[in-house]
Amino acid sequence: MKTNAYDMDDIDMAWCPGCGNFNILKSLKKALAELSIEPKGLVVVSGIGQAAKIPHYFKTHFFNGLHGRALPPATGIKAVNPQLTVIAESGDGDMYGEGGNHFLHAIRRNPDITNIIHNNMVYGLTKGQASPTSQFGFKTPVQTKGVVLEPFNPLALAVSQNASFAARAFAGDEEETKEIIKKAIQHKGYALVDIFQPCVSFNKVNTFKWFKDNTAYLDDTYDPYDRRAAFEKSLETHPFALGVIYVGPPKNTYEQNIGLYDKDKNPLVFREQKRSQKLQQLIQSF
Amino acid sequence: MSSNQNKRKDVSIVICGAAGQGIKTVEKLLVHNFSHSGFHVFSTKEYMSRVRGGTNSVSIRVSSQKAAALKDRIDILLPLHSEALGHLEKRISSETIVIGDKEKICKDCPTQIKQFIDVPLEDLARDIGGKIFINIIAAGIISGILKLDLDKMKKDVKDFFSQKDKQIVEKNIQSISQGYSKGEKFSDQKGISFDLTPWTEIKNQVLINGAEAVGFGALAGGCDFLSSYPMSPSTGVLVFISQHAHKFEVAAEQAEDEISAINMALGASYAGARSLVTTSGGGLALMGEGISLAGMIETPVVIHVAQRPGPATGLPTRTEQGDLELVLHAGHGEFPRIILAPGSLEDAFSLTQKAFDLADKFQIPVFILTDQFFMDSYYNIPAPDFQNVQANKHIIKTENDYKRSLITKDGISPRGIPGYGEGLVGVDSDEHDESSHITEDLDLRTQMAEKRLKKMDQIKKQAIPPELVGPEDYRNLIIGWGSTLHVINEALDVLGLKKTAFLHFKQVYPLPDETKIYLEKADQIVIAEHNATSQFKKLIKLETGIDISKTILKYNGLAFSVEEMAEKINHALEQED
């Protein structure tokens, strides 16, 4: 498929010129095209924030829900129609702050969805407050003396919870980001892709150059199936590791665990319900 | 022995003890035996929010006529620990037969107790094999007093303990038999006889509780997705559906919190499922933003709310109708909704089934409002009709140019789902255009707000009318909603007032048009509710302009009894305006 299959005409984009979101959108479209995932087979679920606007900027089904709440609807969609490719995509504030509890439990639940987080270490839409991933000392109009909270480490958390797949990418490298997204989509089960992304308007510290200088790709000898090594790697900063950091042992997805797709692959929503007799039988036992 | 009791067609039995003493076993045994023997049965419980200890009670009514409300009067009382008699003091009269070891149970015996079957339950149980047999011996005594069929009772005991080993089953049968002969002897000596006549038709009936009735309604309504977080007293519905989820092909999920539950449900509905969430007031408060989202993205969802007293954690295991205003206003912004409040188990079944149709048809949240009393009470009803359970989800196959939020005459956009047809299906919590993309076009905003609210016209036209019980030419009108249906009905039966009727609402929002007509016909209106501020009275005033001056309100966490309701109605009607 060609990437222009996802192009929309005449859209008014709300992102700042030079924003890392543009690169992520490009990488995502390329990944989808290379995997031949048609817009009508794809649902992008997002929350609120600048990153969360992404499904408005390319052709896809979309559920642009509430702040912090992309993962629950994504899980619900996948449960009743596993044939759809489902991506839950939003920013660091949305996914790790407001929606932190869902992030934790989506990892445990393991639906076959791809969870992409645009991580720019700052709140963009609300104009520059600290985000859960803001680094120590980061000064904002609210955190006037600099951030004093421990920065949230999504990769370490994912590995500690035995996530099915956890990766980090850098928006500045479209090609590698595309490759990582492809692997995440192809992975069966919950797949985290945390993407470092510069915010040109509100983060003058973690710039394109800063990310470039403070990240390093994993080398070919790295074994993502080794959980202890992955945990160690996920704790490393300066440089932060880029690539697929952890792939968990094979396990059932949430949809498989529901137990309704073992024999019948037809999505729940398309099944013809024949309940009269079953209800009749059940009521007899009362 | 009063002559009243001898002729009673309606026996009220109460078992009271600590959590963990086996009250539930006695209840189940008796209730099933009564039901299988062809009597009408009603059973309800009041209990503390703890797993062990405390003082809980179960009230069972067995009757030759329909019984579906709580009575204060106790004919037979089985106290299982020393605090029980104090706990129930107000309900005990000289007619109450108390069963138990007088020395142990009756340290400060209420003076009104005149009939005591003094049985050394503990010693008897120990002789059989241990204290655990106390409750079965007691069940035997009750069966003996009522002269139930002993063979049938033995069979019930055998079935009930069928999972246990043979020796245990034998000992339980021994317990029931020994108890039975004690009860029979007592009743012969004292000349007690209850006039209980089995009712032939009752054999085609089923014995279910409120949680099961809502659950059956959901399954009949085509529910295929359930996400909820456990919270008393709503958990029964989550448990019921989860237990039958595989058979009925329902994806049932215990969510990490209520926020997740409602958002998961909306995701599933967006993809074409019929989604249900079940919760109580505190959980619903957390779902507020999600309910608002349902309004904005015009995605159907059915929300069952079993009320308990608040604010905050309140009384987790008690009853109240205090969340009407919460449900009415839950979620910011303006959007249509429907609130249904079943009065009977039959209502719970049919309204829950209907709720899914209404939600899909209008693409709105529909609420089923019950309470702890309703959830935990059971009685026999005719088996529901399951012939017509075909769900119409109002889903269309989309074309290339499909627009999920299309502005239409009646405000209802054709409902497409992802993966069915050629179109792309989008929904957005921001204000949006017809394709559901974000917009700040303020003229379009106005059109969209009007589109969503326009659905209310049709919703109102199709509102379920209130049910009038009693004379059409009433002068006095008693108003009730939801779970107070049977208690008000029975209270009015007891009072036998000529010019008094009862208007029961099972749809509390939006109110049907005829509400005003019914109210204007009455000289005197009395409203009864389980809350402190008469929330339904306020809603009626808002919707009809009619001010109801007389209220019967109870908010101590316990359900109205028939006697209490009768007395309060009588008192309210006698009062000057």
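Colleague: How many bridges join S17(B) to S20(B), and do they run parallel or antiparallel?

Modeller: Start with direction, then count the bridges. This is a predicted model. In it, strand S17 of chain B (residues 476–481) and S20(B) run parallel, joined by 4 bridges. To place the register, find one pair: Asn476(B) stands opposite Gln524(B) in S20(B).

Colleague: Which strand of chain B pairs with S20(B) over 4 bridges, besides S17(B)?

Modeller: Look at S21(B), residues 550–553. S20(B) and S21(B) pair in the parallel sense, over 4 bridges. Here Glu529(B) has Leu553(B) in S21(B) as its bridge partner.

Colleague: Through which helix does the chain cross from S20(B) to S21(B), and is the crossover right-handed or left-handed?

Modeller: Trace the path from strand to helix to strand. From S20(B) the chain passes through helix H19 (residues 535–544) of chain B and arrives at S21(B). This β-α-β crossover is right-handed.

Colleague: Is strand S20(B) mostly covered or mostly open?

Modeller: One general point helps. Side chains in a regular strand alternate between the two faces of the sheet. Now the case: S20(B), residues 524–529, is mostly covered, with 5 of its 6 residues buried. Across the whole of chain B, 56% of the 577 residues count as buried.

Colleague: Why is chain B called as compact as a globular protein of its length?

Modeller: Compare the radius of gyration with the globule rule. Chain B holds 20 helices and 21 strands. Its radius of gyration is 26 Å, close to the 25 Å that the rule gives for 577 residues, so chain B is as compact as a globular protein of that length. Along the principal axes, its C-alpha atoms fill a box of roughly 85 × 60 × 40 Å.

Colleague: What share of the contacts in chain B comes from residues 24 or more positions apart?

Modeller: Sort contacts by sequence separation. Among those in chain B with a separation of 6 or more, 74% link residues 24 or more positions apart.

Colleague: Now the interface. How many residues does each chain bring to the contact?

Modeller: Count each side on its own. Chain B brings 52 residues and chain A brings 44. Several elements of chain B give two or more residues to its side, including strand S7 (205–209), helix H9 (210–220) and helix H12 (281–297). H11(B) gives the most, with 9 residues. By residue type, the chain B side has 29 nonpolar, 14 polar and 9 charged residues.

Colleague: Which strands pair across the two chains?

Modeller: Strand S2 of chain A (residues 61–64) pairs with S15(B) in the parallel sense, over 3 bridges. Within that pairing, Phe62(A) has Gly426(B) as its bridge partner.

Conventions: Residues numbered from 1 in each chain as written. Chains lettered and ligands numbered in written order. Predicted model: local features only at pLDDT ≥ 70, side-chain atom pairs only at ≥ 80, totals over all residues. Contact = placed C-beta atoms within 7 Å. Nonpolar A, V, L, I, M, F, W, Y, C, P; charged D, E, K, R; others polar. Pairing = 2+ DSSP bridges. Rg over C-alpha atoms; globule rule 2.2 N^0.38 Å. Buried ≥ 20, exposed ≤ 12 C-beta atoms within 10 Å, placed from the backbone. Right-handed = clockwise from strand over helix to strand, strands pointing away.
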